[in-house]
Amino acid sequence: MMKAWSSLLMALGGVAFLFAVLSFLMQLLSGPVLLWNELVWSIGNLVIGLGLMGTALFSNLEAFRERMQTGEARRAGKYGTSAVLTATFGIVLLGLLAFMSTRYHTRWDWTTAEAHSLSSQTHGLLEGLEGDLVVVGVYSPMAAVPAKELLERYSFISEKVKVEWLDPERQPGRLRELEIEPERLREGLLHVTIGEESVEVRELTEEALTNAIVKLTRREQKKVYFVIGHNERPTVGDGAEEATGFAFAAEALTNENYQVETILLATTGEVPADADVVVVAGPTRPLLDPEHAALRAYAERGGALLMMLDPRANTDVAPMLAEWGVKVGEDVVVDLVGGMVGTPTTPFAKDYGPHPITDELRGYTVYEFARSLTIAAEAAGAFQSLVRTGEDSWGEVDLARLEKAGEVGFDPEDMRGPITMAVAGTVSLTAADASEEGAPAEPARIVVVGDADFASNQLIGAYVNRDFFLNTVNWLLGDVESISIRPKTGVASRLQLTTEDFLGLRYASLFVLPETVAVLGVIAWWRRRRAPGR
């Protein structure tokens with residue numbers, strides 16, 4: 001009776017032994033992260049496999065000896081040797097492929113939003129590294145898995161990215177060497193070093209790590225001034241954190257390693273000499289004459305100005321812009337087709353003119369109560385249109401009807417779309433009292449946007465508004481190489497697994513399920529072999 005079961009026991013034992021060996025190899029290749037449950041699985045398979053094969057061999061030892069002396073045994077040995085050689089060749093081939101995959105590899109991201117790819121800003125920074133970027137991941141082995149996944153993307157792009165892992169429990173000396181205090185290690189951190197400078201990154205995101213690299217690589221800290229005193233959008237203080245405030249915009253500039261300050265031109269009488277860009281963000285009160293003179297003098301000596309002007313704002317900078325070649329429309333942009341559902345005065349735009357600011361934009365920007373801009377014919381070579389709405393939009397000039405009744409409708413006096421909502425230009429402005437013998441001033445860089453809401457806290461994170469705003473400041477500062485698409489701040493939908501969950505899923509898919517199928521296959525083979533007539 002026992003002999004009848006020997007072939008089944010031998011086959012089942014072989015299956016268990018094979019999966020025990022494979023699971024051991026998988027653990028060795030996975031590194032130091034070993035779980036006790038996996039060892040139990042491997043050892044259990046090994047014991048069961050050897051036990052079943054030993055039982056089968058012992059119960060059928062006499063028949064096995066007789067069979068080895070027959071011609072059938074020699075044929076079986078011949079075919080068995082061939083099978084073993086074929087299997088060995090296959091294993092060697094797989095090993096070579098695995099070895100080559102560690103030397104020559106590539107990555108694909110087939111998600112629509114490229115959620116698993118680094119942004120063009122990160123690519124540009126890593127490809128432009130002049131020295132080694134050393135990132136020390138200070139995590140326990142169990143908590144290091146997400147950090148490894150992120151840093152693998154960085155090291156894949158540049159060989160200058162050097163990654164080191166530090167276990168705070170086992171390497172306290174290295175921790176002291178990096179001057180990392182243990183109480184700051186609640187959830188681990190990344191210690192990023194370039195040359196003699198280093199920063200710590202606690203938020204495990206591409207945005208946080210790339211911002212740290214920006215701070216380390218951009219040594220010069222340029223200064224961006226926001227004009228205040230005319231009810232402009234605040235960057236600090238009261239209202240800065242509200243939906244219409246500019247706290248997020250200022251934070252985004254700080255993350256680019258720019259210094260952000262405010263200036264009351266009425267008290268200084270001039271734009272400071274260290275100003276690299278002056279931003280006028282949505283004023284609703286007129287400027288005083290000295291403030292007009294300060295802005296004009298700054299532009300005439302080659303300054304960089306960003307003007308964001310909302311419709312119906314009681315401001316008086318439009319005449320100055322008209323002198324420079326940009327006419328500001330007294331209207332509100334309406335788009336029944338390309339506007340937000342139920343709010344046609346919130347237009348979306350994806351029609352960008354050829355310009356360094358917009359060349360890499362690949363998505364919509366959204367605005368709220370924007371006004372039209374027109375480039376004067378004599379300034380057509382100096383200014384370029386940056387953003388246009390669709391052909392079904394128009395510039396609504398009947399603001400009284402819009403304000404009182406909330407109604408819009410195209411009238412003959414309205415400007416028909418596409419409507420330009422942002423322009424940029426490089427203009428040579430000459431001061432009235434300039435000396436003819438003096439050296440010519442640098443041309444001014446000017447960007448005008450017919451809306452300030454697009455960069456407010458409420459909308460700067462929407463679509464590619466943040467990239468448009470930062471690219472604009474980059475261009476005004478002359479940091480053309482910094483113009484790019486930045487890391488996505490949104491969180492991609494993904495299945496969140498712990499290390500234990502991941503390893504459990506891996507074992508279920510690689511071993512438990514295949515071994516179950518193999519066992520069922522062996523039983524089916526054995527039953528068919530014992531069926532009558534075979």
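These legends walk through several close-up views of a predicted model.

Residues are numbered from 1 along each chain as its sequence is written. Because the model is predicted, local features need pLDDT of at least 70 and side-chain atom pairs count only at pLDDT 80 or more, while totals for chains, interfaces and linings use all residues, and side-chain values use heavy atoms, with hydrogens and water left out.

**View 1. The whole protein, to get our bearings.** The protein has 15 helices and 20 strands; helices (H or I, at least four residues) and strands (E, at least two) are DSSP runs, numbered from the N terminus. Of its 534 residues, 41% count as buried. Here buried means under 20% relative accessible area, exposed over 50%, and partly exposed in between, with a 1.4 Å probe and protein chains only. About 29,200 Å² of the protein is exposed, and carbon and sulfur atoms supply 57% of that area; accessible areas come from the Shrake-Rupley method with a 1.4 Å probe, and for residues only the protein chains shown count as cover. Among contacts (heavy atoms within 4.5 Å) between residues at least 6 apart in sequence, 73% join residues at least 24 apart.

**View 2. An open sheet of 8 strands.** Follow the strands in the order β6-β5-β7-β8-β20-β19-β16-β13, and you will meet mixed pairing. Two strands pair if DSSP finds at least two bridges between them. The edge strands, β6 (259-263) and β13 (351-352), each pair on one side only. Strand β8 (residues 304-308) runs parallel to β20 (residues 444-449), joined by 5 bridges, and Met-307 has Val-448 of β20 as its bridge partner.

**View 3. Strand β19 and the strands beside it.** In β19 (residues 420-427), 7 of 8 residues are buried, leaving the strand mostly covered. β19 pairs with β16 (residues 383-388) in the antiparallel sense over 5 bridges, and with β20, also antiparallel, over 6 bridges. Ala-422 is a handy landmark: Ala-422 of β19 is the bridge partner of Val-387, and Ala-422 stands opposite Val-449 in β20.

**View 4. Aromatic rings around Phe-454.** A search of the whole structure finds 6 aromatic pairs. Rings of Phe, Tyr and Trp (its six-membered ring) pair if their centres lie within 6.5 Å; planes under 30 degrees apart count as stacked, over 60 as edge-to-face and the rest as tilted. Tyr-367 and Phe-454 form a tilted pair, because their ring planes meet at 40°, with centres 5.8 Å apart. The pair links distant parts of the chain, 87 residues apart: Tyr-367 lies in the loop between β14 (365-366) and β15 (373-375), and Phe-454 in the loop between β20 and α14 (465-477). Phe-454 also pairs with Phe-468, with centres 5.4 Å apart and planes at 45°, so this pair is tilted. Phe-468 belongs to helix α14 and Phe-454 to the loop between β20 and α14, so the pair ties together parts that are 14 residues apart in sequence. Tyr-367 and Phe-454 are both buried, and Phe-468 counts as buried at 0% relative accessibility.

**View 5. Charges over rings, and a ring cluster.** Ring pairs link Phe-348, Tyr-364 and Tyr-463 into a cluster. The charged end of Lys-350 sits over the ring of Tyr-364, 5.2 Å from its centre. Elsewhere to look, the charged end of Lys-148 sits over the ring of Trp-165, 5.8 Å from its centre. A charge sits over a ring if NZ of Lys or CZ of Arg is within 6 Å of the ring centre and within 35 degrees of the ring normal.

**View 6. Strand β12 and its partners.** With 5 of its 7 residues buried, β12 (residues 343-349) is largely enclosed by the rest of the structure. β11 and β12 form a hairpin with 2 residues between them, and Gly-342 in the turn has a positive phi of about 80°. In this hairpin, 2 bridges join β11 (residues 339-340) to β12 in an antiparallel run, with Gly-339 opposite Pro-347. β12 also pairs with β14 in the antiparallel sense over 2 bridges, where Ala-349 stands opposite Thr-365.

**View 7. Helix α8.** Of the 12 residues of α8, 10 are buried, including Leu-209, Ile-213 and Leu-216. The end C-alpha atoms of α8 (residues 206-217) are 16 Å apart, which agrees with the 16 Å expected at 1.5 Å a residue; the expected span is 1.5 Å times one less than the number of residues.
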